[in-house]
Amino acid sequence: MKPNILLVTADQWRGDCLSAVGHPAVRTPNVDRLAAEGVLFRRHYAGAAPCSPARASIYTGLYQMNHRVCRNGSPLDARFDNIALAARRAGYDPTLFGYTDVSPDPRTLHPNDPHLTTYEGILPGFTTGQILLENEKHWLTWLRSRGHRAAFTRDVHRTGDVASGTANNEVPDYSADETQTAFLTESFLRWMEQQDAPWFAHVSFLRPHPPFCVPAPYNTMYAPGSGPAYARAGVREDEQAVHPLLAYGHRFLGKSSFVYGASGAVSDWNERDFDVIRAVYFGMIAEVDAQLGRIFSALRESGRWDETIVIFTSDHGEMMGDHWLLGKGGFHDGSYHIPLVIRDPATTADGRQVDAFTSAADIMPTLCERLGVEPRNHQDGASLLPFVEGSEPSGWRDAAFWEFDFREVATGVAEDYFGLPSNRCNLAVIRDEAFKYVHFAGLPPLLFDLAKDPMELRNVAEESAYIAVRLRYAEKLLALRAGHLDQTLAYVELTEEGPVSRPTRSQS
């Protein structure tokens with residue numbers, strides 16, 4: 001009998017924010033229990049940021065250099081295969097609870113089609129169980145049905161005196177049973193009860209994505225200042241001096257992106273403000289973990305637990321005060337290191353933890369192999385099933401790779417600031433245990449000696465003692481990119497006997 005598939009993404013969840021990996025403050029008992037029965041990937045990285053590019057890598061198995069979703073609003077080329085279409089070929093009706101942030105290919109639609117006015121499209125192949133878009137109108141309607149008669153706008157997220165300019169941990173206008181996470185959880189659980197055949201569900205939680213606010217008891221679950229030391233210089237000016245992209249981020253990052261209704265720049269917040277926001281973020285993670293517990297309990301109680309493959313991950317991370325930044329993007333690990341847990345009842349993993357470097361692009365080929373279907377285009381990622389089954393594949397990658405495109409096609413803000421064309425507003429990172437190399441198309445490179453400088457505060461790219469190291473990593477990055485150029489038809493040759501093809505899976 002085919003297994004059920006449950007793919008859960010929690011938006012903007014940092015990879016170090018799990019008690020299972022030893023976080024000094026955050027407690028995630030339900031994800032920990034999932035990891036105790038499955039496999040926890042400790043060095044799992046997003047392929048890109050922000051949401052749309054990151055999710056495109058999850059859904060297609062491709063790096064950004066190939067799927068070309070550069071920003072929120074960049075269309076996903078309709079020719080690419082994805083996990084939902086693959087699931088349909090495996091006999092499932094893949095059903096979405098939440099969102100996928102996939103912008104449709106405008107070449108397939110009439111110019112007047114309203115789908116072209118939003119980047120919040122649905123990945124082709126998914127049936128919608130319960131949509132939840134950025135305006136949150138479906139959730140707000142649900143809140144009104146529960147007695148919140150004034151819940152017509154996202155003002156329900158407003159907390160405290162935001163006019164004062166300081167961060168706060170006061171409660172929003174909804175309870176812990178009424179969060180967006182609870183709303184999607186209930187929608188999924190109702191749907192699951194109605195299924196009488198193997199199912200494929202993608203539960204895409206919005207939280208712990210900002211605005212940073214959370215109901216009781218989670219708003220005071222963690223004290224401001226709890227948690228590890230921030231990875232940052234003592235003063236912002238020292239961070240800005242490391243690279244022009246950091247100076248740009250510090251200048252343009254606004255409070256309103258993180259605290260609902262706030263005005264001014266993030267650079268106006270002090271250490272105490274960051275401590276408060278981080279404590280709220282930890283509480284938001286705890287709230288999502290609690291709702292995951294409801295799902296896992298329902299699976300067990302219904303007898304479906306041992307029939308269901310569970311994959312838990314995020315799309316990208318969150319800087320959360322590191323380098324005096326919030327949000328995602330740039331080149332630091334905080335934005336790209338994300339959790340991944342896979343529990344497959346067909347294996348006996350029993351809490352294995354994997355230290356190999358894995359990528360969001362590995363999810364698609366993993367699901368395809370497990371479901372017995374072939375991807376219809378080449379894959380940059382590689383199947384994680386050998387890890388899940390207790391072995392390590394030969395020739396596995398020895399470094400993490402990710403990309404970030406900071407173009408602003410609609411406004412041109414970044415292009416004007418840096419004096420660059422859009423196609424040079426991008427970077428690529430290769431990072432192993434020893435060094436991190438960041439290559440920019442139009443700005444100076446970065447090289448960090450991670451053994452000596454784990455917080456990445458000193459760029460040694462121009463230092464004579466590191467020139468050979470920089471060259472070695474630049475060549476390694478170039479080789480990686482050359483090896484992952486679109487291989488779909490490159491694996492086909494026409495001969496006298498007709499077309500001859502080779503497998504198109506990446507060797508990582």
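# A walk through the fold

Residues 24 or more positions apart account for 71% of the contacts in the protein with a separation of 6 or more. Keep in mind as you click around that this is a predicted model.

**Stop 1: the whole protein.** Zoom out and colour by secondary structure. You have 13 helices and 14 strands to look at. How far does the C-alpha trace span along its principal axes? About 75 × 65 × 55 Å. The radius of gyration is 22 Å, and a compact globule with 508 residues would be near 23 Å, so the two agree. Now switch on a surface: the accessible area comes to about 20200 Å², and 50% of that belongs to carbon and sulfur atoms. Of the 508 residues, 59% count as buried.

**Stop 2: the sheet of 8 strands.** Go back to the cartoon and find the open sheet that runs β4-β3-β5-β1-β6-β7-β2-β8, with mixed pairing. Select 127–131 (β4) and 352–359 (β8): these strands stand at the edges, and each has a single partner strand, so one side of each is left without a neighbour in the sheet. Neighbouring strands here are turned by 15° against each other on average, if you ignore direction.

Now pick out β2 (residues 39–45) and β7 (residues 340–343). In which sense do β2 and β7 pair? The pairing is antiparallel, over 2 bridges. Click on V39 and you'll see I342 of β7 standing opposite. As a reminder, strands of a sheet pair through backbone hydrogen bonds, either parallel or antiparallel.

While you're here, select residues 29–37. That's helix α1, which packs on the sheet and touches β2, β6 (308–313) and β7. The direction of α1 makes about 55° with that of β7.

**Stop 3: a buried arginine.** Select R55, which you'll find in helix α2 (residues 51–60). Is R55 buried or exposed? At 1% relative accessibility, R55 counts as buried. Show everything around the side chain: leaving aside neighbours within four places in sequence, R55 is in contact with T9, D11, Y99, T100, D101, H202, S204 and D315.

**Stop 4: a loop residue.** Next, V171. Look for it in the loop between α5 (137–145) and α6 (180–193). With 44% relative accessibility, V171 counts as partly exposed. Try the distance tool on V171 and P215: they are 44 residues apart in sequence, yet 4.9 Å apart in space, C-alpha to C-alpha. P215 is also one of the residues V171 touches; not counting residues up to four places away in sequence, the others are R158, T159, V214, A216 and N219.

**Stop 5: two helices side by side.** Follow the chain from that loop into α6, then add helix α9 (residues 271–301) to your selection. Two packed helices are described by the angle between their axes and the distance between the axes. For α6 and α9, the angle is about 10° and the axes are 10 Å apart. That makes α6 roughly parallel to α9. To see the contact itself, show the side chains: α6 brings T181, A182, T185, E186, F188, L189 and M192, while α9 brings E287, V288, Q291, R294, I295, A298 and L299.

**Stop 6: helix α8.** Select residues 244–252. Which residues of α8 are buried? They are L245, L246, Y248 and H250. These buried residues pack against α7 (236–240), α12 (413–418), β10 (426–431) and β11 (435–440).

Also in α8 is A247. Not counting residues up to four places away in sequence, A247 touches Q240 and Y417. For a longer ruler line, join A247 to S464: they are 217 residues apart in sequence and 25 Å apart in space, C-alpha to C-alpha.

**Stop 7: the sheet of 4 strands.** From β10 and β11, widen your selection to the open sheet β9-β10-β11-β12, where the pairing is antiparallel. The edge strands are β9 (400–405) and β12 (446–449), and each pairs on one side only. Direction ignored, neighbouring strands in this sheet are turned by 10° against each other on average.

How many bridges join β11 and β12? There are 4. Highlight F435, and opposite it, in β12, stands D449.

Last click: select residues 467–483. This is helix α13, lying across β9, β10, β11 and β12 and running at about 65° to β11.

Terms used
Residues numbered from 1 in each chain as written. Predicted model: local features only at pLDDT ≥ 70, side-chain atom pairs only at ≥ 80, totals over all residues. Heavy atoms only, no water. Buried < 20%, exposed > 50% of the residue type's maximum accessible area, 1.4 Å probe, protein only. Contact = heavy atoms within 4.5 Å. Pairing = 2+ DSSP bridges. Axes fitted to C-alpha atoms, helices over the stretch in contact; angles between N-to-C directions. Rg over C-alpha atoms; globule rule 2.2 N^0.38 Å. Areas by Shrake-Rupley, 256 points an atom, 1.4 Å probe, with all protein chains shown as cover. Parallel < 35°, antiparallel > 145°, perpendicular 65-115°, else oblique.
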